[in-house]
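Work through the exercises below with the sequence and the structure at hand. Each task is followed by a solution in steps.

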Amino acid sequence: MTFDRALSFCCHFVIIGLIEHIYGRNFILDQLLCQLNQKQLEAVTSTEGFIRVIAGAGSGKTRALSHRFAFLVNEIGILPGNILCVTFTNKAANEMRHRIHNLIADNDTGYINTFHGFCVSILQEDSHAVQYPKNFLVLDNQDIDSMLKIIYEERGLTLRHKTFSKARDMIEMYKLERYPNYYLDLITMSLDTLRQKYLRATDVNDIIFYGYLYQEKKCFGLDYNDLLKFSLYIFEKNKEIRLKWQKRLEYIMIDEFQDIDKIQYQLMKVLCGYHKNLFIVGDPDQTIYSWRGADINYLLNFDKAFPDVKTIMMNENYRSTPQILSVCNSLIDKNKNRMKKDLLPMCHSKNSVLYYHGDTSEEESDWIADQIIKLHKKDISYKDITILYRAHYVTRTLEETLLKKKIPYSIYSGIQFFERMEVKDALSYLRMITYKDDLSFLRIVNVPKRNIGKKRMEFLQAYVNAHHCSFYEALKECVEDPIFKGTDAKDFISLIDAFSVTYEQRTISEVLSDILDRSGYEEMLRTTGNQERLDNLAELKQAVYDYEISCGEEALLPDYLDHVALFTNSDVTDDSDKVKLMTVHAAKGLEFPHVFLCALNEGIFPSKKTSTIEGMEEERRLAFVAMSRAMKSLFLSESHGKNFDGSTRYPSRFILDIDQKFLEYVKKPEDTLIAETKNYIHYSNRYLDGYVAEQTFQVGDKIIHNVFGQGRIKSILSDRNAYMIKFEQIETPRIISFRVPIKRA
Ligand SMILES: Nc1ncnc2c1ncn2[C@@H]1O[C@H](COP(=O)(O)OP(=O)(O)OP(=O)(O)O)[C@@H](O)[C@H]1O
């Protein structure tokens, strides 16, 4: 949080206090509730039992959730610590926390977190039930890669066997599908037995998988899957702990319920088992994570799974203009498998949705840039403009154009902020002070250089293996050995030990600045003249400071480290005046005044990886999510040319799906291109799994085939979706798929 924001919070609390003093509590309640429409009001005040809100995009779900929290606290008198509010991302959790802060004027905002983040809270309190220490490590991708490095070196594997990113995916798949009970190995096996299992493995995947489990257990590290599995396991095995959490969580609210997966659903079911107060909000049209296990049926069948469910529908949209909503409604209406609902506009405007077809991608980028310049001339800030796309690779031409036309922009992604070398190093120093774990040790013991190179590390590794201790313990025990003569090992130990003793009495930001200074890390960056890295460290310090302000007294270093391990790049916001570029997935749950959705081409959006009918519907939902982010204006564009694989680029079917009367064509594709596109879509649809071609003819009908000419249907092979046809010009009959167009003769 910036200083300005902190100040505005304080002012807000003072003002609430004053109003309460002058006008009394009912005035505050009226203020709280008068910001809501009828349906929102119903959602906010229906506190008991199982409530499902099916809400359209921009209909104020987030507003309803935050006001409901405030109503429970301010009106009913529930303590914030007895409410759990689950959001989809950390960014959304932060946003919700701020909003609730504003509404309840209380520092304690209870549990507002993602499922993973909430599991960290469970385990911080109860990991003893699985013999894990309270200070377990939450692992992120870089930690996993460091572990893979150790395994690869130990077992002679190379990236040719498997890249780290494929290995990570494989581990996740093994945990979810192949060995769903893997966590029992972590919990019940001794470290030695786990190591034996790893050493006995011969298959590459098994070596990596068991090597990883061994490494995880060795440092008491838990990845995202483990956090959920461990929590569920504890609840299953330990009735007392389960009851404690169930009793504590008097009210549970879950946002973005359309994207919940099986294990999150199981956890939620356990948690609401005592008070039975569960409030869920979701939009079936915004399910975009099926590929990661999300299942829309949990939302649709909620009323069958729980007793006396009250369902509230919210369709009044406060975000977008009527024109934008007509485009969104008309697009999503083309999905067959959906609960029909239209978004109703509450805003007024005359701006049309513009569509531009470029002959080349340069032309498309030029048009976008020119539109941005026009908006900017009308006093619209760059930061109110966002360019969305399906996949990162389309941004190259766009970036070149923005640079050329001197339009400032920032991309939400690339290397993730918390994965940048200097940020990871700084966090490793903090972790070293707190946990003294091997991963952090290996990362920073020789950064900056302390003359502890390969030979000395091998020496330490041998000591660790022989004495079953950590690297840090090994270094401390061997520091007087002649091999460490001429190194800065002693200074390193004094530094870490000194900070370990004092960090609990200091603020995290103080510890961070001090360790970066005294370790010589910042000095190292200064001497190499790396300003960008220094700027990133400054940004990290600001992030730590924001965390301290929003968490109050709870802000301890171990909490911060757990919090930060759950972060992704989309959680870092850049508030400077720049156009934002991001993928549609990253834009989920956000809104922007002016939106450009570019590269709307077949093979890009919908993605060429789409291989099923359901997948195609998910792509359409994704396009719907993209368009429904726009508040005041929406610009759609695409361009002709060739794809990477040499295939022709056609305009996306999603443009054709939209009722053309809702689009204003700035430059329209030629009629022939539109005809070709329709033809392409027609044919490519038939290759999607789940495509059911209809049987349109009966036995005996005379038909004409494009190539074989006239013929007569002899029989219908329903099980194979095909006809047996005797063609006049061919002697023997042929089996012809329903997929192929055949005309009646
Ligand atoms: N009752 C209301 N009156 C006026 N404005 C409202 C009302 N409810 C919500 N809004 C405004 O509408 C916009 C959308 O609200 P919100 O972000 O809560 O929607 P959402 O349902 O969470 O959206 P999505 O699912 O598309 O991410 C916000 O700018 C919000 O301030």
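**Exercise 1.** In which loop is P606 found?

*Solution.* The model is predicted. P606 is in the loop between β15 (592-597) and α30 (613-627). The peptide bond that leads from F605 to P606 is cis, and its omega is near 10°.

**Exercise 2.** Is A599 buried or exposed?

*Solution.* Start with the location: A599 lies in the loop between β15 and α30. Next, count neighbours: 25 other C-beta atoms are within 10 Å of A599. A residue is buried if 20 or more other C-beta atoms lie within 10 Å of its own. Therefore A599 is buried. As for the backbone, phi of A599 is near 50°, a positive value in a residue other than glycine.

**Exercise 3.** Find the loop that holds K276 and classify K276 by its C-beta neighbours.

*Solution.* The loop runs between α14 (262-271) and β7 (278-282). K276 has 14 C-beta neighbours inside 10 Å. Exposed would require 12 or fewer, and buried 20 or more. K276 therefore counts as partly exposed. K276 is not a glycine, yet its phi is positive, about 60°.

**Exercise 4.** What is the omega of the peptide bond from V447 to P448?

*Solution.* Omega is near -5°, and the bond is cis. P448 itself sits in the loop between α21 (438-444) and α22 (454-467).

**Exercise 5.** Describe how α18 and α19 pack.

*Solution.* First, take the geometry: α18 (residues 361-377) and α19 (residues 395-404) pack at an angle of about 45°, with axes 9 Å apart. That angle makes α18 oblique to α19. The crossing of α18 past α19 is right-handed. Then list the residues: S361, E362, S365, D366, I368 and A369 of α18 meet T397, L398, T401 and L402 of α19. By type, the residues of this contact are four nonpolar, four polar and two charged.

**Exercise 6.** With which residues is A43 in contact, leaving aside its neighbours within four places in sequence?

*Solution.* A43 belongs to helix α3 (residues 38-45). Its contacts are V53, A64, R68 and I312. Of V53 it can be added that A43 and V53 are ten residues apart in sequence and 7.3 Å apart from C-alpha to C-alpha. A43 has 28 C-beta neighbours inside 10 Å, so A43 counts as buried.

**Exercise 7.** How many helices and strands are there in the protein?

*Solution.* There are 32 helices and 22 strands. Of the 745 residues, 39% are buried.

Note on methods. Residues numbered from 1 in each chain as written. Predicted model: local features only at pLDDT ≥ 70, side-chain atom pairs only at ≥ 80, totals over all residues. Helix = DSSP H or I, 4+ residues; strand = E, 2+ residues; numbered from the N terminus. Axes fitted to C-alpha atoms, helices over the stretch in contact; angles between N-to-C directions. Parallel < 35°, antiparallel > 145°, perpendicular 65-115°, else oblique. Left-handed = near helix turned anticlockwise from the far one by under 90°. Contact = placed C-beta atoms within 7 Å. Nonpolar A, V, L, I, M, F, W, Y, C, P; charged D, E, K, R; others polar.
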